[in-house]
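Reader: I'm in my first year and still learning how to read a protein model. Could you pick one loop, look at it closely with me, and then lead me from there to other places in the chain?

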Amino acid sequence: MSQKKNILLVVVLCVLALFIGCEPANPQIPSEETPNIETPDEESPKQGILTVTLEKEEEIPSSLEAEIVSYTLSGIGPEGKGFSGITSQYEAVTLDLCCGTWTITAIGLNSDNQPVGEGVATVSIQPDTMHSTTITVEGFVEEGLFALHVSWPPAALTDPQVSLSLCKEGSDTEQDLAATIDTVQGKTEFQKTLPVGDYTLLITLSDGSPNENNPLVVKRRQAFSVESNTTTEGACKASWEEGYLQGTLSFPAQTSASFAASLFSRTKKVSEGMDVQFIVTTDPEFEVTYTWYVDGEVVDETGKDLIYGSSLSRGYHTVDVIVSSSEAKVSQSSSLLVTEDVHGYMYFRLTSLDTPTDRYVLTYECGAIGSLFFLGQPELEGKGIPFVCKIVSTSGNISGLLFMATDVPALAQEGDLADYIANTSLFIPQDCVGDFEQVTQPGEDQIYRSAMLSLDFMGSSPTEHLSAFTTFPLHVSVTSCGNVGEKIRGSLVADSVEIWMDKEGAEEGTTSLGNYKVEGFFSVERITTIYFYILSYDSNGADSGTCNEPEDLFAGMKTLAQGYDSNDPLVKAGFTFGGWNTKADGSGVTYQENDPFTMPNEDTTLYAVWN
């Protein structure tokens, strides 16, 4: 309050001086510094008084300390007159100025005496008159350089067309950027200096103007951030993948973002007419929203996962997600290749009965994964998965159809299934068209006479391992049952399956995720027939001890000759146990207890040898 009284007193004194014919006073400012006012040597013209009120933005965006603690004023007036060097910590300054038009500039300084904002006002000064004006000091517009490099195989496009549009956060206006296309080298580059902030871009690359005859090669959306005096550099690259041109878009991680997002998915491959799932994870402490794009167009999904694909045509498609908080945006990208169903697939959709938005999709496609030696069958080496085998056992216990499906990471070594993402097996106990109901709790002697489903897959992050095994009713319908080389098609439904999670790291342990409905569909080539035979043990006249129960083993299976329980060994008075022989009279091949044994192509009995 005393400051305002002092200013008012100065103004009153100046007015009195004008009325009594005093000489014009120097500019009155609450500072010890004297302004440098340039005036001619001759008698000064008539003057007026100007009071400048200084205001500032409520919040000045700046990478520096942005709190304004003082101001510097300068002015340019008529006939080359002017002043500079006025510094004030107050929000009002009074000046004596000669008549004419003046442009007054105020610079806001922080505690380090660094300029962080500027304001300008223009005032016309009349003789013997008091004037006032207000200057609002706004933060300097900080800028950074945006650059995007685009490239493609030159021979792939005869008339390459590239477009790029940007939209700043908080604005509804998109700005298009122009660039020169180098058709010989197959590249172009966009550059523009942009104000600091968060942006969303849309990049489109096509051969000619996009239409049905000139399909898009790339159409992607991504969020990026421009930081002060920094170059934000990205790359969009189109390349041939499995006979299709597909494009990737990448930017470095945003150093200013308060959170991160990860899309737990590599490029997906799916048969035409099927869906696949993409899951994005973020730090749970942040409240975020999700916007999903397929081929650059927004889709209806707004949750952490996207299930999509059945409506897409064959070829590569782009999948992008932008995750937004109140402070920042981050984005992740993937791709989806839709192909013709040539080799087959297995597809499962799991939906939580408690929270329907919690869901998983497992999609298996046939394709070479290296040398997989399954059930001792050499003809399965190098085959793709999933596949189905007919199983025939002489005991009749496990005859039926066995489906196997494994999803192997793109970087896995050939034949190395240790780091699989998902593994599924399905057993149907008959080999014909029909419906099969599993008994609710199959007994041990019934387990292979009922349909069984085993699921083993990853959750929303690499540390979450989820699994389920059927001890529940499972309805399976086989609509076609082919011979070797033909497709077996059908579906299955389990109304309630409990899903378990094994988590690695600091939160190790097994946790139930609740009950899920499981729906499955399969169209899988029948590869071969696997024959199981019975391996039995005969005590060959022992007085005591019990032989182990017969086993169903597939031909060529490597096992051990283990014919009795060590807690109940075979005993024959006057004799010593000498192992096992393929003939009762001991004229065949002899194996000692726990010796390696390979199952032959027939039912086999091993007889105790007594010496």
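Author: Let's begin with N540, which counts as partly exposed at 24% relative accessibility. Please keep in mind that the model is predicted. Buried residues are those under 20% and exposed ones are over 50%, so the 24% of N540 puts this residue in between. N540 sits in the loop that connects β34 (509-538) with β35 (551-554). Now look at its backbone: the phi angle of N540 is near 55°, a positive value although the residue is not glycine. That is worth a second glance because most residues other than glycine have a negative phi.

A second loop can be read in the same way. D295 lies between β19 (289-294) and β20 (297-298). The phi of D295 is also positive, near 55°, in a residue other than glycine. With a relative accessible area of 22%, D295 is partly exposed.

You can find positive phi values in hairpin turns as well. Strand β5 (residues 100-109) and strand β6 (residues 115-125) run antiparallel and are joined by ten bridges. One place to see the pairing is L109, which stands opposite P115 in β6. Five residues lie between the two strands of this hairpin, and N113 takes a positive phi near 65°. Follow the chain along β6 and you reach another hairpin, with four residues between β6 and β7. In that turn, D128 has a positive phi of about 50°. The pairing of β6 with strand β7 (residues 130-139) is antiparallel too, over two bridges. Here G117 faces G139 in β7. As background, strands of a sheet pair through backbone hydrogen bonds, either parallel or antiparallel.

Next, try a sheet. Four strands form an open sheet in the order β10-β9-β12-β13, with antiparallel pairing. At its edges are β10 (174-177) and β13 (216-226), each of which pairs on one side only. On average, neighbouring strands of this sheet are turned by 20° against each other, direction ignored. Strand β9 (residues 160-168) meets β10 through four antiparallel bridges, and S165 has D176 in β10 as its bridge partner. Inside strand β12 (residues 197-207) you will find T204, which is buried at 10% relative accessibility. Beyond its neighbours up to four places away in sequence, T204 touches Q161, V162, S163, L216, V218 and K219.

The loop that follows on from β9 brings us to charged side chains. Side chains of opposite charge can pair when their charged atoms come close. The whole structure holds nine salt bridges. One of them joins E169 and K329, at 2.9 Å from N to O. This pair links distant parts of the chain, since E169 is in the loop between β9 and β10 and K329 is in strand β23 (residues 329-339), 160 residues apart. The two ends differ in surroundings: E169 is partly exposed at 46% relative accessibility, whereas K329 is buried at 17%.

Another salt bridge connects D305 and R359, whose closest N and O atoms are 2.9 Å apart. D305 belongs to strand β21 and R359 to strand β25 (residues 359-365), so the pair ties together parts 54 residues apart in sequence. D305 is buried, at 6% relative accessibility. E301, D305 and R359 are joined into one network by salt bridges that share partners.

Finally, let's go inside. The largest nonpolar core has 32 residues, and M346, F348, L350, F403, L426 and F522 have the most contacts within it. Strand β33 (residues 487-503) gives the most to this core, with six residues. Sequence neighbours up to four places away aside, L426 touches residues including M346, L401, F403, M452 and F522.

A good residue to click on in strand β33 is I499. Its relative accessible area is 0%, so I499 counts as buried. The C-alpha atoms of I499 and L466 are 6.7 Å apart in space, although 33 residues separate the pair in sequence. Not counting neighbours within four places, the contacts of I499 include L350, F457, L466, T511 and Y516.

Terms used
Residues are numbered from 1 along each chain as its sequence is written. This is a predicted model: local features need pLDDT of at least 70, side-chain atom pairs count only at pLDDT 80 or more; totals for chains, interfaces and linings use all residues. Side-chain values use heavy atoms; hydrogens and water are left out. Two strands pair if DSSP finds at least two bridges between them. Axes are lines fitted to C-alpha atoms, for helices over the stretch in contact, and angles run from 0 to 180 degrees between N-to-C directions. Buried means under 20% relative accessible area, exposed over 50%, partly exposed in between (1.4 Å probe, protein chains only). Contact means heavy atoms within 4.5 Å. A nonpolar core is a set of buried Ala, Val, Leu, Ile, Met, Phe, Trp, Tyr and Cys residues joined through side-chain atoms within 4.5 Å. A salt bridge is a side-chain nitrogen of Lys or Arg within 4 Å of a carboxyl oxygen of Asp or Glu.
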